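Q: Please take a close look at the surface patches of this protein. Which residues make them up, and where do they sit?

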Amino acid sequence: MKARAFDYRRVASVAEALDAYAACEGEARFLAGGQSLLPALNLRLDAPDLLIDIGRIESLRGIALEGDRLRIGALTRHAETLTSPLIAEHAPLLTQAAAYMAHPAIRNLGTMGGSLALSDPASELPACMRALGAELEITGRDGTRTVAADDFFLDLFENVIEPGEMLTAVRVPLPAPGTRMRFEEIARRRGDYALVGLAAHLVLTGATVESARLAFCSVGPTPMRAPAAEAALAGRPLDAAAIAEAKAALADDLAPDEDEGFSAAARMHLARVLLGRVLSALRGQEYGEMAA
């Protein structure tokens with residue numbers, strides 16, 4: 001099957017892209033890496049009247065420290081996420097997650113902004129953004145607004161970006177002393193969508209967990225936080241008892257849907273296994289060791 005006929009326009013600035021969208025009398029889509037959009041076009045799951053190519057907008061590129069945030073441009077490729085020294089130093093969760101994303105050919109083209117705008121709950125980056133407490137920068141013709149990752153994802157493939165707006169950057173808080181973070185997932189084969197994935201972000205003072213942010217992928221319609229499991233860890237040592245209580249608390253946090261190829265009970269079991277595995281790996285680690 002081939003895509004339905006559409007108009008194509010390449011733009012050189014965010015303003016030009018937004019103006020092109022506003023001028024379109026039908027449906028328009030922004031094209032970045034195209035790793036999700038192009039297959040959807042070919043399968044006619046999406047059929048816009050205009051494709052706006054934003055791939056050459058330089059202002060959407062770049063990874064830089066800005067005050068107490070690491071700003072990552074929306075056109076940052078997954079391959080850049082995997083190799084960036086700044087990301088490895090200040091947000092190693094993203095470095096770890098990038099290694100699980102599909103295969104090199106896709107990582108070389110796919111972009112951070114494209115993945116987040118798609119909001120696939122099986123993808124790694126949405127869960128990472130919730131675990132990191134990141135902010136997403138959304139730009140429209142009336143200006144730019146910032147939305148917390150916890151408020152960005154609404155439902156399956158749905159988020160707060162309005163028609164005529166685009167995701168322009170991500171801002172990740174710099175890690176506090178005692179931060180430990182880790183991403184892992186379980187999949188049938190390397191590069192497949194995860195059966196379950198977990199992004200974990202802990203802050204410890206000595207042996208005591210001061211705060212925990214746990215975000216799962218592939219267990220619900222959005223990347224899912226686990227507040228009961230987080231509360232089971234907070235204010236106590238990261239020991240075997242705390243880990244066991246956090247695993248039990250997932251019953252209050254997650255309720256995976258039944259899937260034709262994988263049951264909800266099996267997915268819940270894997271979520272507990274993965275949580276135990278990730279938290280055990282974080283025991284005794286220092287932030288610098290993990291980031292290396």
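A: The answer below starts with the whole chain and then turns to the patches.

This is a predicted model, in which local features need pLDDT of at least 70, side-chain atom pairs count only at pLDDT 80 or more, and totals for chains, interfaces and linings use all residues. Residues are numbered from 1 along each chain as its sequence is written, and side-chain values use heavy atoms, with hydrogens and water left out.

The protein has 13 helices and 14 strands (DSSP runs numbered from the N terminus: H or I of at least four residues for helices, E of at least two for strands). Of its 292 residues, 52% count as buried (under 20% relative accessible area; exposed is over 50%, partly exposed in between, with a 1.4 Å probe and protein chains only).

Patches are built from residues with over 30% relative accessible area and no salt bridge, joining like charges within 9 Å and nonpolar side chains (Val, Leu, Ile, Met, Phe, Trp, Tyr) within 5 Å. A salt bridge here is a side-chain nitrogen of Lys or Arg within 4 Å of a carboxyl oxygen of Asp or Glu.

The nonpolar patch consists of Leu-118, Leu-156 and Phe-157, which together have about 250 Å² of accessible area (Shrake-Rupley method, 1.4 Å probe). Phe-157 lies in the loop between β8 (153-155) and β9 (158-159). At a relative accessible area of 42%, Phe-157 is partly exposed.

A patch of negative charge is formed on the surface by Asp-257, Glu-258, Asp-259 and Glu-260 (Asp and Glu count as negative; the charge is placed at CG of Asp or CD of Glu). Asp-257 belongs to the loop between α11 (240-249) and α12 (264-282). Asp-257 is exposed, with a relative accessible area of 58%.
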